[in-house]
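Please open the structure in your viewer and keep the sequence panel visible beside it. The tour proceeds by selections, each followed by a description of what is found there.

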Amino acid sequence: SKGKKKKSKSSSKAKAPSGGVSSTWQALAQCESGGNWSINSGNGYYGGLQFSASSWRAAGGTKYAPLPHQATPAEQVATAEKLRANGGWGHWPACSSRLGLR
């Protein structure tokens with residue numbers, strides 16, 4: 001009999017580039033930092049998602065690296081998820097509005 005090929009469990013998560021970073025966070029980083037996860041522009045904000053040092057500390061990011069731009073994209077996103085759980089997309093007001101996230 002013709003065995004219909006069953007798709008192996010397809011995860012609902014699209015495979016993300018840059019080591020497990022979802023397209024939403026990729027787009028946000030593109031907007032915030034031009035997609036440069038290791039940026040330290042000297043403006044008081046760091047990394048792809050432009051954390052302040054205080055919000056990085058508050059969300060537990062220092063378990064990965066002293067400052068956001070020293071952490072991997074996936075670590076930055078894990079920390080950003082904690083912030084988002086508390087304050088939603090409002091931590092990134094301009095870019096989250098531009099991307100229609102809120």
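The stops below lead from the whole chain to single residues.

**The whole chain**

Begin with everything selected, and keep in mind that this is a predicted model. The protein has 102 residues, of which 31% count as buried. Colour the chain by secondary structure: five helices and two strands should appear. Read from the N terminus, the elements follow the order α-α-β-β-α-α-α. Display the surface next; its accessible area is about 6,500 Å², and carbon and sulfur atoms account for 50% of that area. Among contacts with a separation of 6 or more, 37% are between residues 24 or more positions apart.

**The nonpolar core**

Select Trp 25, Leu 28, Leu 49 and Trp 92. Which part do these four residues play in the largest nonpolar core? The core has 17 residues, and these four touch the most other members. Now highlight helices α2 (23-33) and α4 (73-87), each of which supplies at least two residues of this core. In soluble globular proteins, nonpolar side chains tend to be buried together.

Keep Trp 92 selected and show its surroundings. Beyond its neighbours within four places in sequence, Trp 92 is in contact with Trp 25, Leu 28 and Leu 49, as well as Glu 32, Ala 80, Leu 83, Arg 84 and Ser 97.

**The salt bridge in α4**

One of the contacts of Trp 92 is Arg 84, the next selection. Add Glu 81 and show both side chains: they meet in a salt bridge, with an N to O distance of 2.8 Å. The count of salt bridges in the model is one. Why can these two side chains lie on neighbouring turns of the helix? Arg 84 and Glu 81 are three residues apart in helix α4, so about one helical turn separates them. Arg 84 is partly exposed, at a relative accessible area of 31%, and Glu 81 is also partly exposed, at 31%.

**The disulfide**

Select Cys 31 and Cys 95 and display their sulfur atoms. A disulfide joins these residues, with an S to S distance of 1.9 Å. Cys 31 belongs to helix α2 and Cys 95 to helix α5 (residues 93-98); the pair is 64 residues apart and links distant parts of the chain. The structure holds one disulfide. Is this disulfide left-handed or right-handed? The torsion about the S-S bond is about -80°, so the disulfide is left-handed. Cys 31 is partly exposed, with a relative accessible area of 23%, whereas Cys 95 is buried at 5%.

**From Gln 50 to Ser 55**

Move to Gln 50, in the loop between β1 (45-46) and β2. Gln 50 is buried, with a relative accessibility of 13%. Inspect its backbone: phi of Gln 50 is near 55°, a positive value in a residue other than glycine. Most residues other than glycine have a negative phi.

Next select Ser 52, in strand β2 (residues 51-52). Ser 52 counts as buried because its relative accessible area is 18%, where the cut-off is under 20%. Apart from residues up to four places away in sequence, Ser 52 touches Gly 44 and Tyr 45. Its side chain also makes a polar contact of 3.2 Å with the side chain of Ser 54.

Add Ser 55, which lies in helix α3 (residues 53-58). A polar contact of 3.0 Å connects the side chains of Ser 55 and Ser 52. Ser 55 is buried, at a relative accessible area of 17%. Then measure from Ser 55 to Ala 80: these residues are 25 apart along the chain, and their C-alpha atoms are separated by 9.2 Å.

**The segment after α5**

Finish with Arg 102, in the segment after α5. Is Arg 102 buried or exposed? Arg 102 is exposed, with a relative accessible area of 54%. Not counting residues up to four places away in sequence, Arg 102 touches Trp 89, Gly 90, Pro 93, Ser 96 and Ser 97. Show the side chains to locate two polar contacts of Arg 102: one of 2.6 Å with Ser 96 and another of 3.2 Å with Ser 97. Lastly, select Gly 88, whose C-alpha atom is separated from that of Arg 102 by 8.4 Å, with their positions 14 residues apart along the chain.

Note on methods:
Residues numbered from 1 in each chain as written. Predicted model: local features only at pLDDT ≥ 70, side-chain atom pairs only at ≥ 80, totals over all residues. Heavy atoms only, no water. Core = buried A, V, L, I, M, F, W, Y, C linked by side-chain atoms within 4.5 Å. Buried < 20%, exposed > 50% of the residue type's maximum accessible area, 1.4 Å probe, protein only. Helix = DSSP H or I, 4+ residues; strand = E, 2+ residues; numbered from the N terminus. Contact = heavy atoms within 4.5 Å. Salt bridge = Lys/Arg side-chain N within 4 Å of Asp/Glu carboxyl O. Polar contact = N/O pair within 3.5 Å; in protein donor to acceptor, adjacent residues only side chain to side chain. Areas by Shrake-Rupley, 256 points an atom, 1.4 Å probe, with all protein chains shown as cover. Disulfide = S-S within 2.5 Å.
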